[in-house]
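Please take the sequence and the model shown here as the starting point, and follow the chain step by step through its strands, its core and its pocket.

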Amino acid sequence: MAEEEAAPMDTEVEAPVVEAAPAAPVPMTKEEALKTVLKNALVHDGLARGLHEAAKALDKRQAHLCVLAKDCDEPQYGKLVEALCAEHEINLMKVDSKLTLGEWAGLCKLDAEGTPRKIVGCSCVVIKDYGIEGEALDLVLDSFKAGN
């Protein structure tokens with residue numbers, strides 16, 4: 001035992017870990033905020049997707065927010081949704097593409113890497129339940145208060 005105690009032991013000296021300073025938070029755009037709000041509403045079963053479901057939710061005044069695609073197949077759909085939103089004083093937001101809106105609303109399959117495949121276009125989505133309230137929801141609602 002005396003020999004074992006006399007033998008020098010290999011000790012590792014740990015270098016002090018220097019943590020990088022957290023990067024300044026990048027401000028979220030309206031599109032990123034809307035995508036986050038739609039994903040949260042989808043998880044909490046608060047979305048009405050498609051013209052039929054959206055029109056029913058708007059007419060029953062269950063809607064908190066309506067999202068309409070600008071490249072809608074039928075221009076009468078857009079006029080109907082805009083009129084229902086104006087009549088019931090529901091906030092309306094427009095996005096450029098119905099495929100983008102369909103992806104955000106969960107109307108697609110995801111492959112192993114998480115890349116969306118088989119995206120179905122969606123002309124109109126209504127949020128009936130926001131789910132989790134957070135920074136993204138505040139940004140979306142503030143854009144309406146600012147008159148945008």
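A residue is called buried if its relative accessible area is under 20%, exposed if that value is over 50%, and partly exposed in between. The model to which these words are applied here is a predicted one. By this measure, 30% of the 148 residues of the chain count as buried.

The secondary structure of the chain comes to six helices and six strands. Their order, read along the sequence, follows the pattern α-α-β-α-β-α-β-α-β-β-β-α.

A good place to begin is strand E2, which covers residues 65–69 and which pairs in the parallel sense with strand E3, residues 91–95, over five bridges. Within this pairing, leucine 68 has lysine 94 of E3 as its bridge partner, and alanine 69 has valine 95 of E3. Helix H4, made of residues 75–88, joins E2 and E3 in a β-α-β unit that is right-handed.

E2 also pairs with strand E6, and here the two strands run antiparallel and are joined by four bridges. Leucine 65 stands opposite isoleucine 127 in E6, while valine 67 has valine 125 of E6 as its bridge partner. How many of the five residues of E2 are buried? The strand is mostly covered, with five of its five residues buried, and this holds on both of its faces: Leu65, Val67 and Ala69 lie on one side, Cys66 and Leu68 lie on the other, and all of them are buried.

E6 has a further partner in strand E1, residues 47–49, to which three bridges join it, and these two strands also run antiparallel. In this pairing arginine 49 stands opposite valine 125 in E6, the residue that is also the bridge partner of valine 67. Along E6, Cys124 and Val126 point one way and Val125 and Ile127 point the other way, and all four are buried.

From the strands the view can move to the interior. In soluble globular proteins, nonpolar side chains tend to be buried together. In this model the largest nonpolar core has 22 residues, and those with the most contacts inside it are Leu34, Leu38 and Ile127. At least two residues of this core come from each of H2, E2, E3, H5, strand E6 (124–127) and helix H6 (135–145). The element that gives the most to this core is H2, with five residues.

The next feature is an open space in the model. Rolling a probe the size of a water molecule over the atoms shows where empty space is left. The largest pocket holds about 240 Å³ of space, and it is lined by 12 residues, of which Glu31, Met93, Lys94, Val95 and Asp96 are the closest to its centre. Helix H2 (30–43), E3 and helix H5 (98–104) each supply at least two residues of this lining, and E3 gives the most, with four residues. By character, the lining of the largest pocket divides into five nonpolar, three polar and four charged residues. Lys94 and Val95, named here among the residues closest to the centre of the pocket, also take part in the pairing with E2, where lysine 94 is the bridge partner of leucine 68 and valine 95 that of alanine 69.

Some individual residues in the loops complete the picture. Most residues other than glycine have a negative phi, and most peptide bonds are trans. Aspartate 45, however, has a positive phi of about 55° although it is not a glycine, and this residue lies in the loop between H2 and E1. Aspartate 45 counts as exposed because its relative accessibility is 68%, and the cut-off for that word is over 50%. Glutamate 89 likewise has a positive phi, near 55°, in a residue other than glycine, and its place is in the loop between H4 and E3. With a relative accessibility of 73%, glutamate 89 therefore counts as exposed.

Where does isoleucine 119 lie? Isoleucine 119 is found in the loop between strand E5 (116–117) and E6. Because its relative accessible area is 32%, isoleucine 119 is partly exposed. The C-alpha atoms of isoleucine 119 and glycine 102 are separated by 6.6 Å, although the two residues are 17 residues apart along the chain.

Key. Residues are numbered from 1 along each chain as its sequence is written. This is a predicted model: local features need pLDDT of at least 70, side-chain atom pairs count only at pLDDT 80 or more; totals for chains, interfaces and linings use all residues. Side-chain values use heavy atoms; hydrogens and water are left out. Two strands pair if DSSP finds at least two bridges between them. A crossover is right-handed if, with the strands pointing away from the viewer, the path from the first strand over the helix to the second runs clockwise. On a 1 Å grid over the protein atoms alone, a cavity is a set of points where a 1.4 Å probe fits but cannot get out, and a pocket is an open set with protein on both sides within 12 Å along at least five of seven lines; lining residues have an atom within 4 Å of a point. Grid points are joined across faces, edges and corners, and a volume is the space filled by probe spheres set on the points. Ala, Val, Leu, Ile, Met, Phe, Trp, Tyr, Cys and Pro count as nonpolar, Asp, Glu, Lys and Arg as charged, and the others, Gly among them, as polar. A nonpolar core is a set of buried Ala, Val, Leu, Ile, Met, Phe, Trp, Tyr and Cys residues joined through side-chain atoms within 4.5 Å. Buried means under 20% relative accessible area, exposed over 50%, partly exposed in between (1.4 Å probe, protein chains only).
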